[in-house]
Every structure is written in C-alpha cells, then in structure tokens.
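Trainee: I've got a model open and I'd like to learn how to read it. Can you walk me through some features?

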Amino acid sequence: MAAAAGVSVATVNRVISEADSVRQATRERVLQAAEEIGFYGIRTIENSVKSSRGSYRIGVLLHQGNRTFYRNLGDALRRAAEQSPDGKVDLKLEFLDDLSPETIATRLIALGTNCDSVALVAAEHPMISDAIDSVLASGTPVTGLIAPLSARGNVCFVGLDNWKVGRTAAWAFDRMVREPGKIGILVGNHRYRNQELNESGFRSYMREHNSAFTLLEPRATYESSNVAREITEEMLAEHPDLCGLFISGGGITGALAALRAHQRRNDFVAVGYELFDATRAALIDGTLNFVISHPMETFAREAVATMVRAKKAGTEVGALNVTLGFEIYTPENV
C-alpha cells in the first residue's frame, strides 16, 4: 500500500488515524493508490480523506413536493450529498408549494443567509433576479437547476442543452408521424428559459427539415395537471388534424389523461419530458411515444459538486456551467 502511494508506512498510518500533520495532497495520493490496488482498509482511508476536505452547507429550492419528479430529484440530491467526494455536505432542501416570484425570492434570500452555496429551480423574473444578486452580494454563490437563470452577477447552471432537447423532440415527430398536420406544444410557464429553448430548438428543426407541419402557439399549463388536461382537450376538439403533442413543461399527467380519453389519429405522436411512474406507464400503454429525460442521479451529483466548486471558487469568478447529456426512452427500452 505504502509503495503504491509512494509514501512511507508511517505516513499511511497517519492518514488512517486522521493526523493533521499529513498534507491534503498526500492524503489524496494515498486514497488513489488504495482505490487502484483494492486496499482492504479503503473505507477508513476514504473517511479520513473526506473529513479533511472540509464541510459545506448547501441549500436547494425545488418545486412542489407532491410532484413525483421533484420528489425523485430531492431523493437523488440527498443521496448525492451523503456520497459527495468533496467532503461533508449538509443539504438543506425545501419544496415550495407557492411558486410566485415573491415567495421564491423571499425563500432564496433566507436560504442564502444560512448556507455556503444555494441552488434553485425557478422561472425567470425580475424579483428572482434581484434576490439572486442580493445573495451573491453576501458572498454566497447561486446555481440555477434545470432552467438557466440570469442576474447582474454570475449565476451557475446545471442542466440540459435545451435547444438540442427541442430539436430531438422535433426529429421524433418528423420520423414517426406519417401525414404531417398540426402539433400542439405545452409549456409550464413562458418564463422558464429551458422550456423557451425547447420550443426554439423544436421550431428550428421543423423550419430546416419539414415545414409541412403546422406548429400551434405554445400554451402555458402553469405546472398544473388540471390546466394541462383542459388545454389538451381543447386542442383535440378544435383541431381534428392534430397529429401530435409536445409536452415540454409541467402538468403532463393531465395531458396524458386527456389523450387517453379522446379519439386520436392512428399516427398521432406524443413526446413528453422526464421519466417517472406516470410517463413510464404512458410509454408502455402507447399514450406516449418518446420521452426525453434528465439523467437523475448524474444530475444530482453534478448539482452538488457544482455548488461546492462554486463556493470554493468564490462569487467573483465566472459562472460554472455544466451541460448534461439527456436520456431518451421509448416503449421498447423502459
């Protein structure tokens, strides 16, 4: 073990006993060697090295906890914090039922006063941008999750390349719909920048590859399944030649209920966002044809790591941006 790390046996013993006299770089080298050779005492060394890396309190604001996607994301973030290789990470997680800009701004400022680094899912709004700047001014970095956020200061981001998400969704319609017609588009809120980019990429692909489709103006569901169901029912009634639905935002369970309850064209295609129990079932029963999803565990790990890195780097450096590859699901691979 000592030979593999290029240190003395005494140094290895000091690393294991968590002696403060061992430099961090040496601790990391010993841990790397232990991993490479499969050292039987690796857990003790891991604990020693992890404890010497420091501790961080991070705070995350997510949307309503009654929504499956955000519950799953919260669970993944908790696991990522517990398993973080960057040291001890204490996660303070809040689910917000009230998604008004005033509430989000207030909770963000409160969270920023008690945490080393904060992150949130939110729509773009001047009140939220102002709150972000207040938190940044106090020395606490801010990261936008899923949807990019802007402010005068540097805001980090962890999420997908949403322009590519939109183009990929459009590709699915182009390849699967036999007779082009009208396609409905649902977004949660026009202020969510990720969903606006989804639509932009969607329209970009269709302009480039198949202008025979007619893209209806996007309708906002305000993240409500009831609203999504009403809008979907209206579209199906008003547009007999509706050939597809791109569900780019919240409320997907309502849209799925409407699709199941109404007669549709044989080649009707529905593309959804995020894989969880409801969308998995919809893929299996044929209500959905294609789902684009965040890689949940990878997303959570990168979110926690980015928040820690942002704290180490400080708010004066450029924003840290992590763009993840997305997962694609069809009825054949769920």
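Trainee: How do H6 and H7 cross, and how far apart are their axes?

Mentor: Keep in mind that this is a predicted model. For a helix pair, look at the spacing of the axes and the angle between them. Here the axes of helix H6 (residues 101–114) and helix H7 (residues 126–137) come within 8 Å, crossing at roughly 5°. Angles under 35 degrees count as roughly parallel, so H6 is roughly parallel to H7.

Trainee: Which residues of H6 and H7 meet?

Mentor: On the H6 side you'll find Pro101, Glu102, Ile104, Ala105, Leu108, Ile109 and Gly112. Facing them in H7 are Met127, Ile128, Ala131, Ile132, Ser134 and Val135. Sort that contact by class and you get 10 nonpolar, 2 polar and 1 charged.

Trainee: How do I read a sheet, and what is the strand order here?

Mentor: Follow the pairing from one edge to the other. In this model 6 strands line up as S2-S1-S3-S4-S5-S12, giving an open sheet with parallel pairing. Its edges are strand S2 (88–95) and strand S12 (321–324), each of which pairs on one side only. From one strand to the next, the twist averages 15°.

Trainee: Where does H6 sit relative to that sheet?

Mentor: H6 packs on the sheet, where it touches strand S1 (55–62), S2 and strand S3 (117–120). The direction of H6 makes about 175° with that of S1.

Trainee: Back to the edge: how many bridges join S5 and S12?

Mentor: Strand S5 (residues 156–160) pairs with S12 in the parallel sense over 4 bridges. To find your place, note that Val158 stands opposite Val322 in S12, while Gly159 stands opposite Thr323.

Trainee: Which S12 side chains are buried?

Mentor: Check which face each one points to. The side chains of S12 alternate: Val322 and Leu324 point to one face and are buried, whereas Asn321 and Thr323 point to the other and aren't.

Trainee: One more helix pair, then. At what angle do H10 and H11 pack?

Mentor: Use the same reading as before. Helix H10 (residues 225–238) packs against helix H11 (residues 252–261) at about 35°, with the axes 6 Å apart, and H10 passes H11 in a right-handed crossing. The H10 residues are Ser225, Ala228, Arg229, Thr232, Glu233 and Leu236, and those of H11 include Gly254, Ala257, Ala258 and Ala261. By class, this contact has 7 nonpolar, 4 polar and 2 charged residues.

Terms used:
Residues numbered from 1 in each chain as written. Predicted model: local features only at pLDDT ≥ 70, side-chain atom pairs only at ≥ 80, totals over all residues. Heavy atoms only, no water. Axes fitted to C-alpha atoms, helices over the stretch in contact; angles between N-to-C directions. Helix = DSSP H or I, 4+ residues; strand = E, 2+ residues; numbered from the N terminus. Left-handed = near helix turned anticlockwise from the far one by under 90°. Contact = heavy atoms within 4.5 Å. Nonpolar A, V, L, I, M, F, W, Y, C, P; charged D, E, K, R; others polar. Pairing = 2+ DSSP bridges. Parallel < 35°, antiparallel > 145°, perpendicular 65-115°, else oblique. Buried < 20%, exposed > 50% of the residue type's maximum accessible area, 1.4 Å probe, protein only.
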